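Visitor: I am new to this structure and would like a close look at one part of it. Please take me through the strands towards the end of the chain, and tell me what their side chains meet.

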Amino acid sequence: MRTAFRQAAILLVTAGVVSAQSIEIHPEWIATVGPAWAEGADPLRSPRGIAVSLDGRVFVADLGNDRVVSFDSLGAKGRPIGYAGSGEGRFVDPADVATEGRHLYVLDEGNERIQIFNRHDVFSEVLLSREAGTVGIPSRFAVDLFGRLYVSDIEEDAVRVFRSYTGEEELRIGGYGSEDGLFVSPGEIAVDRDRNLYVCDRGNARVQKFDPLGGWLMTTGADGPGGLQDPSAIAVDRRGRIYVADARGGRVVLFERDGSYRGEIRTGPDGKPLSDPQGLAFGPTGILYLVESGRDRIILFRPPPDLDVR
């Protein structure tokens, strides 16, 4: 039986920082999707955000091809959604996707807007846009099951909370700064079962946690063996453990519910170092989907059984 954890002294020389001991996690690899994800389709190119619906359908922002792709829970039955352009249902550099099960939300970064599609992948409306003055410069976002849309706005260095059906703004969290509760270039967002909010504070190289009303709760990943270089994506399991993709560090770091470091995944199923991980999402059966943008692929795996993430 393969050991789930292996102590390894790893010397990290990055940004002038020499770091200490890390714990390597060996997940159960399930499948790899891409670069060729469907017969006859253009390969994935610089994929970014990922989302999984309650029925297991997977959506990926295929930024380099100006489209979204979808497939089933194991990577089959793939099909594209949208294509390049600035009209309705078209994209320029789509950077993120989100779903609450009834709709697909797409962060159309190049057009500085968020579009909504129905469950049949048909364009419904532009919910927020810079042109309309309803949002600044959105970088990443998330949606919960209770009708809230959370948008990282790098123009405001804040997370803005909207009603997911009307676009009405309810709450604004943060502002520019390095103190607790403030951001520099906020990025990916995750929401847990208790509606707590987790934000990749990329400019400050850390992750911050907030309660449903925007109150600051915790900062993690700022230093120590789990110290992050560029937190690019985040997912939270059912026990509240936090998985953070560290794009520059080429790893996925696991933190316990209290923010303490647990370990990290540094290599893919082929034994090669992870290259520019950019998206993370849990599926309904406990599969974790990782977007490895540097290799234009999606990796499906389960954390080791002794982590008990279900």
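Guide: What follows is a walk through one strand, its two partners, and then the rings and the pocket that these partners take part in.

The model is a predicted one, in which local features need pLDDT of at least 70 and side-chain atom pairs count only at pLDDT 80 or more, while totals for chains, interfaces and linings use all residues. Residues are numbered from 1 along each chain as its sequence is written, and side-chain values use heavy atoms, with hydrogens and water left out.

The place to begin is strand 29, which covers residues 288–292; strands here are DSSP runs of E with at least two residues, numbered from the N terminus. Five of the five residues of strand 29 are buried, where buried means a relative accessible area under 20%, exposed means over 50%, and partly exposed lies in between, with a 1.4 Å probe and protein chains only. L288, L290 and E292 point one way from strand 29, whereas Y289 and V291 point the other way, and all of these residues are buried.

Strand 29 has a partner before it in the chain and another after it. With strand 28 it runs antiparallel, and five bridges join the two; strands are said to pair if DSSP finds at least two bridges between them. Across this pairing, F282 stands opposite L288 of strand 29. The hairpin of strand 28 and strand 29 has five residues between the strands, and within this hairpin G286 takes a positive phi near 95°.

The other partner is strand 30, which also runs antiparallel to strand 29 and is joined to it by five bridges. Here Y289 has L300 of strand 30 as its bridge partner. The hairpin of strand 29 and strand 30 has four residues between the strands, and D296, which lies in the loop between them, has a positive phi of about 55° although it is not a glycine. Most residues other than glycine have a negative phi. At 21% relative accessibility, D296 counts as partly exposed.

A similar case can be found just before strand 28. D276 is in the loop between strand 27 (261–265) and strand 28, and this residue, although not a glycine, has a positive phi of about 55°. D276 is partly exposed, with a relative accessible area of 26%.

The next topic is the aromatic rings. Rings of Phe, Tyr and Trp (its six-membered ring) pair if their centres lie within 6.5 Å, and planes under 30 degrees apart count as stacked, over 60 as edge-to-face and the rest as tilted. By this rule the count comes to five aromatic pairs. One of them joins W29 and F301 edge-to-face, at 5.5 Å centre to centre and with 70° between the planes. This pair links distant parts of the chain, since W29 belongs to strand 5 (residues 28–33) and F301 to strand 30 (residues 297–302), 272 residues apart. W29 is partly exposed, with a relative accessible area of 26%, whereas F301 is buried, with a relative accessible area of 1%.

Another pair is formed by Y243 and F282, also edge-to-face, at 5.4 Å centre to centre and with 75° between the planes. Here too distant parts of the chain are linked: Y243 is in strand 25 (residues 242–246) and F282 is in strand 28 (residues 277–282), 39 residues apart. Y243 counts as buried at 2% relative accessibility, and F282 counts as buried at 19%.

F282 also leads to the largest pocket, whose volume is about 930 Å³. Of the 36 residues that line this pocket, the closest to its centre are V52, V143, V191, V236 and F282. On a 1 Å grid over the protein atoms alone, a pocket is an open set of points where a 1.4 Å probe fits, with protein on both sides within 12 Å along at least five of seven lines, and lining residues have an atom within 4 Å of a point. Grid points are joined across faces, edges and corners, and a volume is the space filled by probe spheres set on the points. Strand 28 is among the strands that each supply at least two residues of this lining, as are strand 6 (47–52) and strand 24 (231–236).
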